[in-house]
Amino acid sequence: SLARYSFKKGKLTKNYFKDLNKRGLGDTANDMALYGGKLYIVVNVSSTIEVIDFQTGVSIKQIPMLAENGSSRQPRHITFHKDKAYVCSYDGTVARIDTTSLEIDALTKAGRNPENICIQNNKLYVSNSGGLDYNTPVGYDKTVSVVDLTSFQETKKIEVVTNPVNLVTDNQGDVYLVSMGDYGAIPNTFQRIDSETDEVTTITETNATEMASVGDKLYMIYSQYDANWNQVISFISYDAINEKVISDNFITDGTSIDKPYKIGADPTTGYIYITASDYKTNGDVYAFDASGKKLFQFEVGLNPVKAVFVKR
C-alpha cells in the first residue's frame, strides 16, 4: 500500500494509491523514490516498477521486471542519475530505465542477489547479498559491484564483510555500507568505501543495521541482542565529515519505539522518520524534528519500508 500524509492539513490518506487507482500496488513494495515529477515504487514479488504521476497520484505505467523466459527478476531498490533510473534485482542484474520513455534500455550483471544500489563519483555501487543462497553450499555473497555509468559495465567487485545490504552516500565522496554477516559467527558490520580508491574501511566506533543520510550526517538504527537474548536498540547520529558519533540516542524526548524497522530523513526540514513493524500487524511512522523531539505518529500498512518527502 501507499499512504500520503499532508503536513498542511495534518491529514493521513492511508490507502492513497488504491483510492485513486482502484487497485493495490501488488505484492511487497520494497523501495520508493521521486524523480522528475514521477514517483517510482519498486514492487518486489510482483516484479514491477509502478510509476505514478506525483501531482495526481494516478498510475502512469507498470514497468514489468521480467527475464526473457518470463521469470521474475525480483527488483529490490532504485536510484537515479541524468534521466536514467537504475534498479537492482535479485536475479543478479541491474536494469537501466529511460525516465522519459519509461522503457528498460539496458541490463548489466552484478553479483548474487543484489540488495541495494547507490551512485557516487559517477559510479554505481551494488551490494551483493547472496541472501537467497544462505542455506546452500555457496552461501552468502560478500562483494559490492562497481558499475561504470558511461559503459554500464561492471568494472570490479569490492570484497566486504559477508552479506552486504544497505548503502548510503555522503557529500564527501564516501559510500557507507551495512553488512549483516551470517547472524552467527560473522557479526553485523558498518563499513565505508572511498569512491576515489574503492578502498574499504571498517568503522569500529559504532554500528548500524538501518541508516539514512542527510548530506554529511547519518541517522542509524542499530538493533542487537545481549547475552540473555534481550533486544538492545540504539538510535545513533554520525558525523560523516569528522567520522565520529554525535549521539548514541538522537531521540531526546524519551519516546520509546519497541520494534523499529526502517529509517529515513528529510534534507529540507531535517525531520527524521522511523517506521515500526512487528511483521504481523499494521506499522507506525514516527516523525522527529532535528532536535530529536517527536512531532507526530500515525498508523500505515504492514511493514512500512520507505518514505519520500516533497514540498508541494
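Two strands pair if DSSP finds at least two bridges between them. The exercises below apply this and related criteria to a predicted model.

**Exercise 1. Strand pairing in an open sheet**

Determine in which sense strand E25 and E26 pair, and place the two strands in their sheet.

Solution.
Step 1. Strand E25 covers residues 282–288, and six bridges link this strand to E26. At least two bridges are required, so the two strands count as paired, and the sense is antiparallel.
Step 2. One of the bridges can be named: Asn-282 has Leu-302 of E26 as its bridge partner.
Step 3. The sheet is open and has four strands, in the order E23-E24-E25-E26, with antiparallel pairing.
Step 4. Strand E23 (260–265) and strand E26 (294–302) pair on one side only and are the edge strands.
Step 5. Ignoring direction, neighbouring strands of this sheet are turned by 20° against each other on average.

**Exercise 2. Two hairpins around strand E4**

Identify the strands that pair with E4, and state whether the residues of E4 are buried or exposed.

Solution.
Step 1. Strand E3 (residues 29–35) runs antiparallel to E4 and is joined to E4 by six bridges. Within this pairing, Tyr-35 is bridged to Lys-38 of E4.
Step 2. The hairpin of E3 and E4 has two residues between the strands, and Gly-36 in the turn has a positive phi of about 60°.
Step 3. Strand E5 (residues 48–53) is also antiparallel to E4, again with six bridges. Here Val-42 has Ile-49 in E5 as its bridge partner.
Step 4. Four residues lie between the strands in the hairpin of E4 and E5, where Ser-47 takes a positive phi near 60°.
Step 5. Turning to burial, six of the six residues of strand E4 (residues 38–43) are buried.
Step 6. In a regular strand the side chains alternate between the two faces of the sheet. In E4, one side carries Lys-38, Tyr-40 and Val-42, and the other carries Leu-39, Ile-41 and Val-43; these residues are all buried, and both faces are therefore covered.

**Exercise 3. Aromatic pairs and charges over rings**

Classify the pair of Tyr-5 and Phe-7 and the pair of Phe-296 and Phe-298 by the angle between their planes.

Solution.
Step 1. The model has 18 aromatic pairs. In the pair of Tyr-5 and Phe-7, the centres are 5.5 Å apart and the planes stand at 90°. An angle over 60 degrees counts as edge-to-face, so this pair is edge-to-face.
Step 2. Phe-296 and Phe-298 lie 5.9 Å centre to centre, with 15° between the planes. Planes under 30 degrees apart count as stacked, and this pair is therefore stacked.
Step 3. The accessible areas can be added. Tyr-5 is partly exposed because its relative accessible area is 24%, and Phe-7 is partly exposed at 48%. Phe-296 is buried at 17%, as is Phe-298 at 16%.
Step 4. Tyr-5, Phe-7, Phe-296 and Phe-298 belong to one aromatic cluster, together with Tyr-271.
Step 5. Rings also lie beneath charged groups. Arg-96 lies over the face of Phe-152, 5.1 Å from the ring centre. The charged end of Lys-262 sits over the ring of Tyr-261, at 5.4 Å from its centre.

**Exercise 4. The surroundings of three residues**

For Thr-255, Ser-237 and Thr-79, state where each is found and which residues each contacts beyond four places in sequence.

Solution.
Step 1. Thr-255 is in the loop between strand E22 (244–247) and E23. Its contacts are Tyr-286, Phe-288 and Lys-294. Thr-255 and Lys-294 are 39 residues apart along the chain, yet their C-alpha atoms are separated by 7.1 Å. The side chain of Thr-255 also makes a polar contact of 2.8 Å with the side chain of Asp-253.
Step 2. Ser-237 belongs to strand E21 (residues 231–239). Its relative accessibility is 4%, so Ser-237 counts as buried. Its contacts are Leu-218, Tyr-219, Val-245, Ile-246, Ser-247 and Phe-250.
Step 3. Thr-79 is placed in strand E7 (residues 75–81). With a relative accessible area of 15%, Thr-79 is buried. Its contacts are Lys-84, Ala-85, Tyr-86, Ile-117, Cys-118, Ile-119 and Leu-124.

Technical notes. Residues are numbered from 1 along each chain as its sequence is written. This is a predicted model: local features need pLDDT of at least 70, side-chain atom pairs count only at pLDDT 80 or more; totals for chains, interfaces and linings use all residues. Side-chain values use heavy atoms; hydrogens and water are left out. Rings of Phe, Tyr and Trp (its six-membered ring) pair if their centres lie within 6.5 Å; planes under 30 degrees apart count as stacked, over 60 as edge-to-face and the rest as tilted. Buried means under 20% relative accessible area, exposed over 50%, partly exposed in between (1.4 Å probe, protein chains only). A charge sits over a ring if NZ of Lys or CZ of Arg is within 6 Å of the ring centre and within 35 degrees of the ring normal. Axes are lines fitted to C-alpha atoms, for helices over the stretch in contact, and angles run from 0 to 180 degrees between N-to-C directions. Contact means heavy atoms within 4.5 Å. A polar contact is a pair of N or O atoms within 3.5 Å; within protein, one must be able to donate a hydrogen and the other to accept it, and residues adjacent in sequence count only if both atoms are side-chain atoms.
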